[in-house]
Amino acid sequence: MLFSSLTFLYVFLPVTLLVYFLVPQRRFGLGPRNWVLLIASLIFYAWGGPGYLAIMVAQITLAWGFGLAIERWRSTRAAKPIFIVSICLSLVALLFYKYTGFFLANLGSLLGVPLPLLRLVLPLGISFYTFQILSYLIDLYRGTIPVQRNIGTFATYVALFPQLIAGPIVRYAEIRVALTERVSTLDDFAAGARRFSVGLAKKILIANTMGGLVELLRTDQHPSTLSAWLYLIAFALQIYFDFSAYSDMAVGLGRMFGLKFPENFNYPYISRSITEFWRRWHMTLSAWFRDYVYFSLGGSRVRTFRVIINLLIVWCLTGFWHGAAWNFLFWGGYYAVLLIVEKYLLKPVLEKLPRWLTHVYALF
C-alpha cells in the first residue's frame, strides 16, 4: 500500500486517525493508542505481504526476549554471548531472503555447476526494521538505553507503518519517551499534515513525472549525447524526489501521531563534496553505519591504513545493504574510494576552490 495510493489516502489513513484519536488517552501511558498504532501497522504490512507478517512478528518477539535476557544477565559473563546470538538471529531472515540467491549463483559459477536458485521474494521493509531491531539490541548492550519490558510498546516501535517500508531508520533512543509519554497537539497534527502534503506533491508532481521521462529515454534505441544527459538528470531528480518524498510523508505521518522522526534528507544536491553529500543523503542510514560499524572498527582513531580499510568495509556493506548484486558492491567501493581520496588528498584543494566549482565537481 503506497502512501500515494487512493486506498491509503481515502481509507487506511482516515480510519486509522479517526480510531486513534477516538480512543481515550490514559493519564499515565499510551497503551490504548499504541495498540491502535500497532494493529494499524500490522494491517498495513500484511496488505503488502501477508505471508511475511509472521517473520516480522517472530523477529520482534525474539528481539524483545533477547533484550530482557541482556538486561537480566548484564553484569555476568553471559551477557556478551547472549548479545552476539541475538544479533546473529536478528540477521538470519534478512540474510536468507535477500542474499541466498546471490551466494548460490556465485557459488555455482565458481564451481562450474549450476545450482538450483531459490526464487525468494524479499519481505517488505525487512532491511529497515531489521536495522531498527539491531540498533535497539546494540544500544541496550552498550547501556545507553533502558530495556523495554512491554512487548506491545516494543512491537509498536519496530512496526510503525510510517517508516516501515523505506525509512527513515528510527532508533529506539530517539522515540523511547514518545512511545509512552507523547501528547498529540493540534499544532503537531497541522505541521505533520503540511509535511505529508509536501511529500505527496513531490512524489506525484515531480518524481512520477521524471520517472515517466526516464522510462521514455530508457527505451531509446539510438540515444544522442543530449538525450543521454537528459536521462541522467531526469533519473537523478526522480530518485531524489521519490525517496525524499517518502521520508517527508513518513516524518509528517509520525508528527500527526505525536512522534518526531529524524530527518533523512537535507538538500543533498547542494553539496560541495561527496563527503558532504553523504551527510545530507539518507542521513539515518549513513549515521547507522557510522555509529554501529565504522566506530566499532576504530573509526578514524587508528592508523591511516586501518582507517582506509574501515571505510572500504563500511561502504561495501552499505552497497550490499542496498542490493544483493555485484554492481551494488562496486557502487559501495566506488564511494569508498571517493571518500578516501577526498579525506586524504582533495580536502585542502576543495576548501580553496570557488563554491560553484566544488558544487559542479560534486554533482558530476
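This passage goes through helix packing, the nonpolar core and a few individual residues in a predicted model.

Some ground rules come first: numbering starts from 1 along each chain as its sequence is written, and side-chain values use heavy atoms, with hydrogens and water left out. Because the model is predicted, local features need pLDDT of at least 70 and side-chain atom pairs count only at pLDDT 80 or more, while totals for chains, interfaces and linings use all residues.

Two packed helices are described by the angle between their axes and the distance between the axes. Helices here are DSSP runs (H or I, at least four residues; strands are E, at least two), numbered from the N terminus. Axes are lines fitted to C-alpha atoms, for helices over the stretch in contact, with angles from 0 to 180 degrees between N-to-C directions. For helix α12 (residues 283–294) and helix α13 (residues 304–322), the axes come within 11 Å and cross at roughly 130°. The pair is therefore oblique, given that angles under 35 degrees count as roughly parallel, over 145 as roughly antiparallel, 65 to 115 as roughly perpendicular and the rest as oblique. The crossing of α12 with α13 is right-handed, meaning that the near helix is turned clockwise from the far one by less than a right angle (anticlockwise would be left-handed). On the α12 side the contact (heavy atoms within 4.5 Å) is made by Leu-285, Phe-289, Val-293 and Tyr-294, and the α13 residues include Val-307, Leu-311, Val-314 and Trp-321. By class, the contact of α12 with α13 has nine nonpolar residues, three polar and no charged. Here Ala, Val, Leu, Ile, Met, Phe, Trp, Tyr, Cys and Pro count as nonpolar, Asp, Glu, Lys and Arg as charged, and the others, Gly among them, as polar.

Helix α12 is largely enclosed by the rest of the structure, because eleven of its twelve residues are buried. Buried means under 20% relative accessible area, exposed over 50%, and partly exposed in between (1.4 Å probe, protein chains only). The buried set in α12 includes Trp-288, Asp-291 and Tyr-292. Among the elements covering these buried residues are α5 (126–142), α11 (274–280) and α13. In the loop between α11 and α12 sits His-282, with a positive phi of about 45° although it is not a glycine. His-282 is buried, at 1% relative accessibility.

Helix α6 (151–159) packs against α5 and also against helix α3 (residues 53–72). The axes of α5 and α6 come within 9 Å and cross at roughly 135°, so the two are oblique to each other. In this pair, Tyr-129, Gln-132, Ile-133, Ser-135 and Tyr-136 of α5 meet Phe-154, Tyr-157 and Val-158 of α6. That contact of α5 with α6 splits into six nonpolar, two polar and no charged residues. Helices α3 and α6 have axes 10 Å apart and an angle of about 125°, which makes α3 oblique to α6. The α3–α6 crossing is right-handed. Met-56, Ile-60, Thr-61, Ala-63 and Trp-64 of α3 meet Ile-151, Phe-154, Ala-155, Val-158 and Ala-159 of α6, a contact with nine nonpolar residues, one polar and no charged.

The largest nonpolar core has 93 residues, and Phe-3, Phe-8, Tyr-129, Tyr-136 and Phe-161 touch the most other members. A nonpolar core is a set of buried Ala, Val, Leu, Ile, Met, Phe, Trp, Tyr and Cys residues joined through side-chain atoms within 4.5 Å. Beyond its neighbours within four places in sequence, Phe-3 contacts residues including Phe-8, Phe-161, Pro-162, Tyr-246 and Ala-250.

Gly-167, in the loop between α6 and α7 (172–175), is buried, with a relative accessible area of 0%. Its contacts, outside four places in sequence, are Phe-128, Pro-162, Tyr-246 and Ala-250. Ser-90 lies in helix α4 (residues 79–111) and is buried too, at 6% relative accessible area. With residues up to four places away left out, Ser-90 touches Gln-59, Thr-130, Ile-133, Leu-134 and Leu-137.

Tyr-267, in the loop between α10 (225–256) and α11, has a positive phi near 50° and is exposed, at 59% relative accessibility. Asn-327, found in helix α14 (residues 326–352), is partly exposed at 48% relative accessibility. The C-alpha atoms of Asn-327 and Tyr-294 are separated by 22 Å, with their positions 33 residues apart along the chain.
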